[in-house]
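Me: I would like to go through some of the terms used for this structure. Please give the reason behind each one.
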Amino acid sequence: MSESLPTRSRLVAAALERAGIAGEIVVLPDAAHTAALAAAALGIEVGAIANSLVFWSDDEPLLVMTSGAHRVDTAALAARLGRGGIRRATPDQVLAATGQPIGGVAPTGHPAPLATIVDEDLAGFDEIWAAGGTPHTVFPLTFDELVRLTGGTVAKVD
């Protein structure tokens, strides 16, 4: 684990190490606040970006790891999951739930585990990339590693 990483990314790197995930955090020269920017910086398809989106549902945060090529249909997802509703978390709720800023939310390294949904379409990529705790950091992993890392439920999200 590199001491040169931002503090938030060091927490993510430690969580990856504990989970036995070999992908190392990469620091991008420019912030990648969107899946399109991250994909362009990495030279990969936007669908191979695992977007970390935080929603609020049934009075708790819900992390949705979705393909960068998708938008989350919150009404359909709530119905599929049997939840009362799903709405986008506020920036303050995202920071409180994850300790990470919007645009850099990693699938791990949070103050407490989050209920997580993993987009089934991410399984179509041999390697996917997720944010590393800041808008400047990302890391590679496989779909199976993402599901194991988050303890997430695989579902259709769009």
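Reply: Keep in mind that this is a predicted model.

Me: Why are Gln93, Val94, Ala97 and Thr98 of helix α4 called buried?

Reply: Buried means under 20% relative accessible area. Gln93, Val94, Ala97 and Thr98, in α4 (residues 91-98), are classed as buried, so each of them falls under that cut-off.

Me: What puts these buried residues on the same side of α4?

Reply: They cover an arc of only 105° around the axis, and therefore lie on the same side of the helix.

Me: Which residues are exposed on the other side of α4?

Reply: Pro91, Asp92 and Ala96 are exposed there. The word exposed requires over 50% relative accessible area.

Me: What covers the buried residues of α4?

Reply: The cover includes α1 (7-18), β2 (49-57), β3 (60-67) and β4 (87-88). As for what follows α4, that is Gly99, with a positive phi near 75°.

Me: How much space lies in the largest pocket, and what makes a residue part of its lining?

Reply: The largest pocket holds about 350 Å³ of space. A lining residue has an atom within 4 Å of a point of the pocket. There are 25 such residues, and His33, Asn51, Ser52, Leu53 and Gly103 are the closest to the centre.

Me: Which element gives the most to this lining?

Reply: β2 does, with 6 residues. Elements that give two or more are α2 (35-42), β2, β6 (128-131) and β7 (137-141).

Me: How do the lining residues divide by type?

Reply: The lining of the largest pocket has 16 nonpolar, 8 polar and 1 charged. Gly counts as polar, so Gly103, one of the closest to the centre, is on the polar side of that division.

Notes: Residues numbered from 1 in each chain as written. Predicted model: local features only at pLDDT ≥ 70, side-chain atom pairs only at ≥ 80, totals over all residues. Heavy atoms only, no water. Buried < 20%, exposed > 50% of the residue type's maximum accessible area, 1.4 Å probe, protein only. Helix = DSSP H or I, 4+ residues; strand = E, 2+ residues; numbered from the N terminus. Arc of directions from axis to C-beta. Contact = heavy atoms within 4.5 Å. 1 Å grid on protein atoms, 1.4 Å probe; cavity = no way out; pocket = protein on both sides within 12 Å on 5 of 7 lines; lining within 4 Å. Points joined across faces, edges and corners; volume = space filled by probe spheres on them.
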